[in-house]
Amino acid sequence: MYNNRGRDMAFDGINCVECGGSEFRLVNDSILKRKFPFVRGDNLKMCEKCGAKYITCDKCGNLFTRVHLSTDLWGVTDTCPSCNALNEEIKAWIARGHP
Ligand SMILES: [Zn+2]
Ligand SMILES: [Zn+2]
């Protein structure tokens with residue numbers, strides 16, 4: 001756990017890890033959907049302040065992990081920071097060594 005602000009802030013599933021914002025809205029991003037099999041039309045949220053995008057947890061509805069076009073394996077986690085739910089789809093995606 002880090003207590004620093006900004007980019008070193010630990011992702012807690014509630015606030016944007018980039019800007020600390022807490023307001024998000026559902027967005028539909030066909031490019032991210034094509035790139036990531038676990039991005040659907042109903043689980044992608046964007047930070048109102050900075051535009052960072054996250055998928056949401058199917059179990060608790062909080063932010064699950066950040067996704068953007070240059071996201072690599074290190075940027076995606078398969079476990080929800082809020083409720084510890086494991087996303088099997090992401091786990092399999094990481095295991096396949098994508099992208
Ligand atoms: Zn943000
Ligand atoms: Zn969760």
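**A four-stranded sheet and its core**

Guide: In this predicted model, four strands make an open sheet, ordered β1-β2-β3-β4, with antiparallel pairing.

Visitor: What makes β1 and β4 the edge strands?

Guide: Each of them, β1 (24-26) and β4 (63-66), pairs on one side only.

Visitor: How are neighbouring strands of this sheet turned against each other?

Guide: On average by 40 degrees, direction ignored.

Visitor: How do you know that β2 and β3 pair?

Guide: Pairing requires at least two bridges between the strands. Strand β2 (residues 44-47) and strand β3 (residues 53-56) are joined by three bridges, so they count as paired, and they run antiparallel. Within β3, K53 is the residue opposite M46.

Visitor: Which elements does the chain have, and in what order?

Guide: The chain has two helices and four strands. Starting at the N terminus, the order is β-α-β-β-β-α.

Visitor: Why is V17 called buried?

Guide: A residue is buried if 20 or more other C-beta atoms lie within 10 Å of its own. V17 has 22 within that distance, so V17 is buried. V17 belongs to the segment before β1. Its C-alpha atom is 8.5 Å from that of A52, although the two residues are 35 apart along the chain.

Visitor: What makes N84 exposed rather than buried?

Guide: The cut-off for exposed is 12 or fewer C-beta atoms within 10 Å. N84 has 10 such neighbours, and therefore counts as exposed. N84 is located in the loop between β4 and α2 (88-95).

Visitor: What is the phi of N84?

Guide: Phi of N84 is near 65 degrees, which is positive in a residue other than glycine. Most residues other than glycine have a negative phi.

Visitor: Which residues form the largest nonpolar core?

Guide: This core has 12 residues, among them F36, F38, L44, Y54, I55 and C57. L63, F64, V67, V76, C80 and I90 also belong to this core. Strands β3 and β4 each supply at least two of the core's residues. In soluble globular proteins, nonpolar side chains tend to be buried together.

Visitor: How do you know that L44 is in contact with I55?

Guide: Contact is called when C-beta atoms lie within 7 Å. Beyond its neighbours within four places in sequence, L44 has contacts that include I55, K53, V39 and L26.

Visitor: How much of the chain is buried?

Guide: Of the 99 residues in the chain, 21% are buried.

Terms used: Residues numbered from 1 in each chain as written. Chains lettered and ligands numbered in written order. Predicted model: local features only at pLDDT ≥ 70, side-chain atom pairs only at ≥ 80, totals over all residues. Axes fitted to C-alpha atoms, helices over the stretch in contact; angles between N-to-C directions. Core = buried A, V, L, I, M, F, W, Y, C linked by C-beta atoms within 7 Å. Contact = placed C-beta atoms within 7 Å.
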